[in-house]
Amino acid sequence: MDRRGRTVLEALDGAPAGRELLAAAAGLEGVHLVGGAVRDLLRGTAPRELDVVVEDDPATLIGRLAAGAQPSGSDPPGAAQTTVRHARFDTATVTTSGGRIDIARSRRERYPTPGALPEVEPAPLAEDLGRRDFTVNAIAVDLADGTVRAAPHALEDLEAGRLRVLHDRSFLEDPTRLLRLARYRVRLGFAVETETAALAAASSLDGLSGARIGAELRLALLEPDPLAVLAGLDGLPLLIDAGLARCATQLLPGDGRVDLMILGAATRGLTTEAWLESLEFTARERDVVLAVWDAERLAGAMAGAARASDLHAVLGRQPVEAVAVAGALGPGEAARSWLEDLRQVRLEIGGDDLLAAGVPPGPQVGRRLARTLARKLDGELGGGREAELASALGPP
């Protein structure tokens, strides 16, 4: 067995979902661990997910994983949480009790137009490796015997920490590789091979759909250092203010979305709502980014808030991501006070309590509750339900 293959198989046995994969692949021929999983295991780091290529029909492997196959003598099998098949590409994603496994049949790809999704058909493993984005992701290890198969330059590029495309048309065929190049360069700390750098500089994202750009942006924003990744993304309406982003990140509470906050901060004033919509983020996600775009106006309103109730009036309907960016623009203490304390303040009474006390139904119920909350925020009430009810039932 190849030394590298042994290293991968031994490490795979201890990786999330690795033991389940090895058990499911037992006795099957032509099942290979590929791509980033091999790259990371050879580097001694844990892979984010396991990518598998099967040289024949992957249905048996998928079925075993979905059934929760386990090695003999281990704990009882745990059924897969989800199995999603994608007929167009002959692939499947199985989420087991240990983690995610992506499975594909060995294939070749043809791109009808630059930036389009590829047309695929079954092909030998060598062709499958040759269709990949970078050489360091074009290494396969046979799960049966540890045999290593690799594209030209792949093993030496991995050893040298170097990112190289497999052919000169790589970025033209699939411009998302430009975005992946920025991600891998930062996450792995790899250098970009000279010819690959020249090809990237001469390429663009033209012809790439907003949906595919959005998918890559999501991945970039979830990297350990998203600011560094975004700074390396050419061809997108981005302006990285690292100081602002770091300050906002320090203010952002745990229930906030740092990825959406950074995207909003990096695109503020540079693009349009139509561009944002083309990325196919959800309506809720777009609303957060749009609110961050309005952070400068929000910061001005926060700076003019004299009391806690004034802050509530300004921020009560704002997402925490927008408040954090607004605070980073100046009124940091006001933002911190709201995010850490004031936004959690609630009344112990509700509309039913006022109705039961004789207040007729209608808008005045809401007005009385809002007035009482403002007094509570400003420290004008004693504690407890009785003080709140007295305030709500009393004169304005």
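**Close-up 1. H153 sits in the loop between β9 (148–150) and α6 (154–160).** In this predicted model, H153 has a phi near 75 degrees, a positive value in a residue other than glycine. Most residues other than glycine have a negative phi. Is H153 buried or exposed? Neither label fits: with a relative accessibility of 38%, H153 counts as partly exposed, since that class lies between the 20% and 50% cut-offs.

**Close-up 2. A17 is found in the loop between α1 (3–12) and α2 (18–25).** Here is another backbone angle to look at: phi of A17 is positive, at about 70 degrees, although A17 is not a glycine. The relative accessible area of A17 is 6%, so A17 counts as buried, the limit being under 20%.

**Close-up 3. Strand β1 (residues 31–34) is covered on both faces.** On one side you will find V31 and L33, on the other H32 and V34, and all of these are buried. Which strands pair with β1? Strand β2 (residues 50–54) runs antiparallel to β1 and is joined to it by four bridges; within this pairing, V34 stands opposite D51. Strand β8 (residues 139–142) is also antiparallel to β1, with three bridges between them. There, H32 has D142 as its bridge partner.

**Close-up 4. Strand β6 (residues 107–110) has one covered face and one uncovered face.** R107 and E109 make up the covered face, while R108 and R110 belong to the uncovered one. The partner to follow is strand β7 (residues 119–122), which pairs with β6 in the antiparallel sense over four bridges. To place the two strands against each other, start from R107 and look across to P122, its bridge partner in β7.

**Close-up 5. L188 belongs to helix α8 (residues 176–188).** Its relative accessible area is 8%, so L188 is buried by the under-20% criterion. Which residues does L188 touch, not counting those up to four places away in sequence? They are R39, D40 and R43. G36 is a handy landmark for the same view: G36 and L188 are 152 residues apart in sequence, yet their C-alpha atoms are 11 Å apart in space.

**Close-up 6. E285 lies in helix α15 (residues 283–293).** E285 is buried, with a relative accessible area of 7%. Leaving aside neighbours within four places in sequence, E285 is in contact with R218, R257 and L260. How far is E285 from G207? The two are 78 residues apart in sequence, and 24 Å separates their C-alpha atoms.

**Overview. The close-ups belong to a protein with 22 helices and eleven strands.** The radius of gyration is 27 Å, well over the 21 Å that the globule rule gives for 396 residues, so the protein is more spread out than a compact globule. Along the principal axes, the C-alpha trace spans about 85 × 55 × 35 Å. Buried residues account for 47% of the 396 residues. Of the contacts with a separation of 6 or more, 62% are between residues 24 or more positions apart. The accessible surface is about 18600 Å², and carbon and sulfur atoms hold 50% of this area. As for charge, there are 45 positive and 57 negative side chains, and the centres of the two sets lie 2 Å apart.

Terms used: Residues are numbered from 1 along each chain as its sequence is written. This is a predicted model: local features need pLDDT of at least 70, side-chain atom pairs count only at pLDDT 80 or more; totals for chains, interfaces and linings use all residues. Side-chain values use heavy atoms; hydrogens and water are left out. The radius of gyration is taken over C-alpha atoms; the globule rule is 2.2 Å times the number of residues to the power 0.38. Buried means under 20% relative accessible area, exposed over 50%, partly exposed in between (1.4 Å probe, protein chains only). Contact means heavy atoms within 4.5 Å. Accessible areas come from the Shrake-Rupley method with a 1.4 Å probe; for residues, only the protein chains shown count as cover. Lys and Arg count as positive and Asp and Glu as negative; His and the chain ends are not counted. The place of a charge is taken as NZ of Lys, CZ of Arg, CG of Asp or CD of Glu. Two strands pair if DSSP finds at least two bridges between them.
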